[in-house]
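Work through the exercises below with the sequence and the coordinates open. Try each task before reading its solution.

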Amino acid sequence: TPKKSVAVLPGDGIGPEVVSAALDTVEKLKLPLEFRFGDIGWDCWREEGDPVPQRTWKLLEETDTCLLGAITSKPVRETEAELAPSLRGTGLQYVSPVLQLRQRLGLYANIRPVTDLDGGRFDFTVIRENTEGLYAGIDVHGLDEPLWNAVRHHPNAAASGPEDTSLTLRLQTRHGIDRLLRFGFAHAEAHGKRLLTVADKPMVLRNSGNLLRERLELIAQEHPDIETEILNVDAVALWMVRRPERFGVLVAENMFGDILSDLGAGVMGGLGLAPSGNIGDHGSYFEPVHGSAPGMVGKDRANPMAMLLTIAQMLGHLGLDVPGEELRNAVRTVARARKTVTYDLGGTSGTREVARAVAGRLEEGAARSAESTP
Ligand code: IPM
Ligand code: MN
């Protein structure tokens with residue numbers, strides 16, 4: 001079989017450390033993969049005025065999927081000052097690289113599994129819409145005539161005036177909802193989940209909530225084996241803490257999904273354990289949910305498990321399910337033992353040490369299966 005290729009974009013902060021430690025571990029699996037490294041993030045913005053340079057888009061086109069380390073997010077007003085002097089005042093606009101990847105590659109489903117590493121008590125997947133909702137980019141401060149007309153009747157807007165009013169629109173489209181729900185059902189079927197929960201706020205967002213309900217009822221008919229429900233997003237947050245085992249697949253619009261998936265990470269023990277995959281019909285990229293943790297850089301403190309679990313998820317996507325499962329199990333074993341773990345799991349081990357412990361488990365596994373093969 002021909003080798004699959006992976007674009008590796010280590011990015012900012014602890015990104016390069018966790019990528020490098022995790023890839024050393026993954027070498028033990030002797031995978032039929034070619035890793036091709038590329039640039040993304042703040043260095044690219046500073047020096048080239050573009051956090052995702054053309055050569056990186058080209059690399060993404062040439063490869064089967066992408067593994068991303070981490071990206072530092074900064075408030076927009078700080079971005080101009082970061083630019084090399086020659087690039088300042090040229091009107092360049094910083095747009096978060098992850099948002100660019102999701103939008104331009106049409107990666108509409110963000111899959112964020114929430115699994116109990118210790119007891120197997122819960123195991124569900126947040127599937128977050130990744131291209132519309134409050135992230136659609138209709139976000140203005142100081143309203144022009146048409147937008148002002150839409151809100152001028154609100155007493156608070158009237159008391160503030162168009163210049164001191166801001167507005168963000170939550171875009172929801174039949175196209176966006178349908179493909180997300182279809183993806184959610186397919187994921188539920190592929191993973192043996194019987195319940196698909198949609199987190200929304202239908203009592204308040206009455207009209208957009210109705211579109212979602214209509215589409216859900218329609219598409220659910222194509223999947224009679226899967227039960228569906230629409231719950232209020234606040235109630236979902238409560239249940240996720242109280243009874244996470246009740247969920248199977250949890251679908252939510254972009255911002256709700258963003259918040260719920262961090263909550264999910266908290267429920268499973270922190271961002272150090274949370275993987276994600278961004279999937280579209282013609283592309284994908286995988287990244288840990290955690291950020292670039294600038295304060296942790298170079299200290300050998302970051303937990304590499306989120307990155308290792310992210311790679312496991314990526315392997316499944318590439319059809320390498322068996323090594324993906326081996327890697328996931330190795331991480332779980334090391335995490336459960338709580339012996340070689342980073343500070344966030346109560347340990348004192350460093351990034352490299354944890355990655356090596358996982359590699360050790362993989363080697364033991366390989367030795368065992370060699371013994372049992374006649
Ligand atoms: C995430 C992050 C991003 C998001 C930020 C960095 C733009 O929080 O991947 O969850 O909001 O989607
Ligand atoms: Mn987030």
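Five exercises on this predicted model follow, each with a worked solution.

**Exercise 1. Overall fold**

Task: Find how many helices and strands the chain has, and judge its compactness by the globule rule.

Solution:
- Start with secondary structure. The chain holds 14 helices and 12 strands.
- Next, compare radii. The radius of gyration is 22 Å, and the globule rule gives 21 Å for 374 residues. The two values are close, so the chain is as compact as a globular protein of that length.
- Add the extents. The C-alpha trace spans about 75 × 60 × 40 Å along its principal axes.
- Check burial. Of the 374 residues, 42% count as buried.
- Finish with contacts. Take those with a separation of 6 or more; 73% of them join residues 24 or more positions apart.

**Exercise 2. The ligand shell**

Task: List the residues around ligand 1 and sort them by chemical class.

Solution:
- The shell consists of S73, S96, V98, L99, D258 and V289.
- Sorting gives three nonpolar, two polar and one charged.

**Exercise 3. A helix pair**

Task: Describe how α10 and α11 pack.

Solution:
- Two quantities are needed: the angle between the axes and the distance between them.
- For α10 (residues 233-242) and α11 (residues 254-268), the angle is about 10 degrees and the axes are 10 Å apart.
- Angles under 35 degrees count as roughly parallel, so α10 is roughly parallel to α11.
- Now the contact residues. Helix α10 supplies V233, V236, A237, M240 and V241, while α11 supplies F256, L260, L263, G264 and V267.
- By class, this contact has nine nonpolar residues, one polar and no charged.

**Exercise 4. S208**

Task: Place S208 in its helix, then find its contacts outside the neighbours within four places in sequence.

Solution:
- S208 sits in α9 (residues 206-220).
- It has 19 C-beta neighbours inside 10 Å, so S208 counts as partly exposed. The cut-off for buried is 20 or more.
- With those sequence neighbours set aside, S208 contacts R170 and Q172.
- L171 is 37 residues from S208 along the chain, and their C-alpha atoms are separated by 8.8 Å.

**Exercise 5. Two positive phi values**

Task: Locate A293 and R338, and decide whether each is buried or exposed.

Solution:
- Recall the background: most residues other than glycine have a negative phi.
- A293 has phi near 40 degrees. A293 lies in the loop between β12 (284-288) and α12 (305-317).
- With 21 other C-beta atoms within 10 Å, A293 is buried.
- R338 has phi near 55 degrees. R338 lies in the loop between α13 (321-337) and α14 (351-372).
- With 11 other C-beta atoms within 10 Å, R338 is exposed.

Notes. Residues are numbered from 1 along each chain as its sequence is written. Chains are lettered from A and ligands numbered from 1 in the order in which they are written. This is a predicted model: local features need pLDDT of at least 70, side-chain atom pairs count only at pLDDT 80 or more; totals for chains, interfaces and linings use all residues. A residue is near a molecule or strand if its C-beta atom, placed from the backbone, lies within 6 Å of it. Ala, Val, Leu, Ile, Met, Phe, Trp, Tyr, Cys and Pro count as nonpolar, Asp, Glu, Lys and Arg as charged, and the others, Gly among them, as polar. Helices (H or I, at least four residues) and strands (E, at least two) are DSSP runs, numbered from the N terminus. The radius of gyration is taken over C-alpha atoms; the globule rule is 2.2 Å times the number of residues to the power 0.38. A residue is buried if 20 or more other C-beta atoms lie within 10 Å of its own, exposed if 12 or fewer, and partly exposed in between; C-beta atoms are placed from the backbone. Two residues are in contact if their C-beta atoms, placed from the backbone, lie within 7 Å. Axes are lines fitted to C-alpha atoms, for helices over the stretch in contact, and angles run from 0 to 180 degrees between N-to-C directions. Angles under 35 degrees count as roughly parallel, over 145 as roughly antiparallel, 65 to 115 as roughly perpendicular and the rest as oblique.
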